[in-house]
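Visitor: Got a minute to walk me through this one? I'd like to poke around a few residues.
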Amino acid sequence: KAKMIRRYPASLKPRQMLPPMFVTGIFGLLIGSLFIPVLLYGLISEFLIYLGIIILVSVPGARDKKDISLMVSMPMAILTMHLTWGTGFIAGLITK
């Protein structure tokens, strides 16, 4: 995706920037909290808000499938997907 954005920057949609922004926020707050401990509250807040949103999104899917285990597995899958996609996107922008 990073290669395509370099070539066609207008094709980038705002929703596609959420995973890289999430990863940047987590990483920045994690590093920043080593020097400014109060930033740890920001890190925890960002993660809890994100987790709350993906859990809320997972509830209808679990209810529709009548599978309560999706309430745990769906958020974990979405978290993994967003972290890897966001990190890969950032790495793709940094490297050639």
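Visitor: Where is Ser-33 found?
Guide: Ser-33 is found in helix α2. Helices here are DSSP runs of H or I with at least four residues, strands are runs of E with at least two, and both are numbered from the N terminus. Before we go on: this is a predicted model, where local features need pLDDT of at least 70, side-chain atom pairs count only at pLDDT 80 or more, and totals for chains, interfaces and linings use all residues. Residues are numbered from 1 along each chain as its sequence is written, and side-chain values use heavy atoms, with hydrogens and water left out.

Visitor: Is Ser-33 buried or exposed?
Guide: Ser-33 counts as buried, at 12% relative accessibility. The cut-offs are under 20% relative accessible area for buried, over 50% for exposed, and partly exposed in between, with a 1.4 Å probe and protein chains only.

Visitor: And what is Ser-33 in contact with, leaving aside its neighbours within four places in sequence?
Guide: With those neighbours left aside, Ser-33 is in contact with Leu-39 and Leu-40. Contact means heavy atoms within 4.5 Å.

Visitor: Staying in that helix, what about Gly-28, which lies in α2? How far is the C-alpha of Gly-28 from that of Lys-65?
Guide: Those two C-alpha atoms are separated by 37 Å, and the residues are 37 residues apart along the chain. Gly-28 itself counts as partly exposed, at 37% relative accessibility.

Visitor: Switching to rings. How many aromatic pairs are there?
Guide: The count comes to 2 aromatic pairs. The rule takes rings of Phe, Tyr and Trp (its six-membered ring) with centres within 6.5 Å; planes under 30 degrees apart count as stacked, over 60 as edge-to-face and the rest as tilted. In one pair, Phe-22 and Tyr-50, the ring centres are 4.1 Å apart and the planes are at 20 degrees, so the pair is stacked.

Visitor: Which parts of the chain does that pair link?
Guide: Distant ones: Phe-22 sits in helix α2 and Tyr-50 in helix α3 (residues 39-65), 28 residues apart. Phe-22 is buried at 8% relative accessible area, and Tyr-50 is buried too, at 12%.

Visitor: And which rings make the other pair?
Guide: Trp-85 and Phe-89, with ring centres 5.3 Å apart and planes at 10 degrees, so that pair is stacked as well. Trp-85 and Phe-89 are 4 residues apart in helix α4 (residues 70-94), so about one helical turn separates them. Phe-89 is buried at 3% relative accessible area, while Trp-85 is partly exposed at 32%.

Visitor: OK, helix packing. At what angle do α2 and α4 cross?
Guide: Roughly 85 degrees, with the axes coming within 7 Å. That makes α2 roughly perpendicular to α4. Axes are lines fitted to C-alpha atoms, for helices over the stretch in contact, and angles run from 0 to 180 degrees between N-to-C directions. Under 35 degrees counts as roughly parallel, over 145 as roughly antiparallel, 65 to 115 as roughly perpendicular and the rest as oblique.

Visitor: Which residues meet there?
Guide: From α2 you have Pro-19, Pro-20, Phe-22, Val-23 and Thr-24; they meet α4 residues including Leu-79, Leu-83, Trp-85, Phe-89 and Ile-90. The residues of this contact divide into 9 nonpolar, 4 polar and no charged. For that split, Ala, Val, Leu, Ile, Met, Phe, Trp, Tyr, Cys and Pro count as nonpolar, Asp, Glu, Lys and Arg as charged, and the others, Gly among them, as polar.

Visitor: Now the loops. Where is Leu-12 found?
Guide: In the loop between α1 and α2. Leu-12 is partly exposed at 27% relative accessible area. Leaving aside neighbours within four places in sequence, Leu-12 is in contact with Ile-5 and Met-17.

Visitor: What about Gln-16, buried or exposed?
Guide: Gln-16 is buried, at 14% relative accessible area. Gln-16 lies in the loop between α1 (2-7) and α2 (18-35), and a polar atom of the Gln-16 side chain lies 2.8 Å from the backbone nitrogen of Lys-13.

Visitor: Last one: what is phi of Lys-66 near?
Guide: Near 55 degrees, a positive value in a residue other than glycine. Most residues other than glycine have a negative phi. Lys-66 has its place in the loop between α3 and α4 and counts as exposed, at 75% relative accessibility.

Key: A polar contact is a pair of N or O atoms within 3.5 Å; within protein, one must be able to donate a hydrogen and the other to accept it, and residues adjacent in sequence count only if both atoms are side-chain atoms.
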